[in-house]
Amino acid sequence: MRRILSIDGGGIKGVFPLAFLASIEDSVGRPAGEYFDLISGTSTGGIIALGLGLGFSAQELLVMYEQLGKQVFGGPTLIRFLRWLSIAKYSQVRLRQHLTNAFQNKTLGDSRCRLLIPAVNLETGRPHIYKTAHHERFEKDYRETAVTVALATAAAPSYFPSFRDPSGILLVDGGLWANNPVGLAVIEAMQVLDWPLTDLRVLSLGCTETPANPGIGGSIGMGLTYWAFKGPQLLMSAQSSASLGLAILLAGDRNVVRISPVVTGSRFGLDKVKRIDSLKGLGRNEARSALPSLKTCLFSEPAEEFIPCRRP
């Protein structure tokens, strides 16, 4: 059996999957990352995936997120709004500081688990996927620092500036094409790692979901103003649904578990740090319901040791 963990993007809403996994850890007594053969994550999910791969427990990452959120997404509301009109809403400086304090100089090659972390090459418009050296073809990414990978996958347009990596490539948030990377992870398992689809057990964690409600008027009067606000939400929702559908089609509906509760539209946001406690409570409550079945199929014993093709 091969186990896959996939974590969506969602800014500070990453507290939800972290609280979910931390609650699981309370029961099984080991860091959640030790139970998976492959972890994929985008944006905030990419940061979490890196942390789990480097040996952090979900509980440790949850504490980091509480501190990070209040400092990275803080500041006077008016100043943040004025910045948002012309440049990125937030600076990357504090995010980089927190990530550096946590990950120090560790590299992707230091991960104890196979990792798959999407970003986008802004110069070419093509996907840029960071991968551990879990195949002979992957010759360079394992040398990248965890901080570099984290800043690239989390460079959400309008929230953070684009990120220029040490080689000079300009990168932005992988959520533009793979905010829910579960389908990508299953394809990696099948095509690159050559794992039998019948052996896969997949846990896909979202950061809560909001129905794409068209509002009053339905298809009537949906002009530029409407789509400026509703368009990104609809694109994310459709992309996530397609990715999950692909994973289920390939691995089978009995082998894919999706946890991402539906909430009201204004309840949570990418930078709503005041909702951290509610996200924590929601994550732990969802884990309470899911634990009996997940403990049997995903958390019964640690995964086999990952031996990369290359080391730092």
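**Note on helix 9, helix 10 and their contacts**

1. Ser240 has its place in helix 9, and in this model, which is a predicted one, Ser240 has a relative accessible area of 13%. Since buried is taken to mean under 20% relative accessible area, Ser240 is therefore classed as buried.

2. Turning to the surroundings of Ser240, and not counting residues up to four places away in sequence, this serine touches Asp8, Asn180 and Arg258. With one of these residues, Arg258, the contact is also polar, in that the side chain of Ser240 and the side chain of Arg258 make a polar contact at 3.4 Å.

3. Helix 9, which covers residues 224-251, also holds Leu249. In contrast to the buried Ser240, Leu249 is exposed, because its relative accessible area is 70% and the cut-off for exposed is over 50%.

4. Leu249 also takes part in a nonpolar patch on the surface, which Leu249 makes together with Ile187 and Leu246, and the area of this patch is about 270 Å².

5. A further residue to look at is Leu282, which lies in helix 10, the helix formed by residues 276-297. When neighbours within four places in sequence are left aside, Leu282 is in contact with Phe16, Thr208, Pro261, Val263 and Phe268.

6. For one of these partners, Val263, a backbone distance can be added: the C-alpha atoms of Leu282 and Val263 are separated by 10 Å, while the two residues stand 19 residues apart along the chain.

Definitions and conventions
Residues numbered from 1 in each chain as written. Predicted model: local features only at pLDDT ≥ 70, side-chain atom pairs only at ≥ 80, totals over all residues. Heavy atoms only, no water. Patch = residues over 30% accessible without salt bridge, like charges linked within 9 Å, V, L, I, M, F, W, Y side chains within 5 Å. Areas by Shrake-Rupley, 256 points an atom, 1.4 Å probe, with all protein chains shown as cover. Salt bridge = Lys/Arg side-chain N within 4 Å of Asp/Glu carboxyl O. Helix = DSSP H or I, 4+ residues; strand = E, 2+ residues; numbered from the N terminus. Buried < 20%, exposed > 50% of the residue type's maximum accessible area, 1.4 Å probe, protein only. Polar contact = N/O pair within 3.5 Å; in protein donor to acceptor, adjacent residues only side chain to side chain. Contact = heavy atoms within 4.5 Å.
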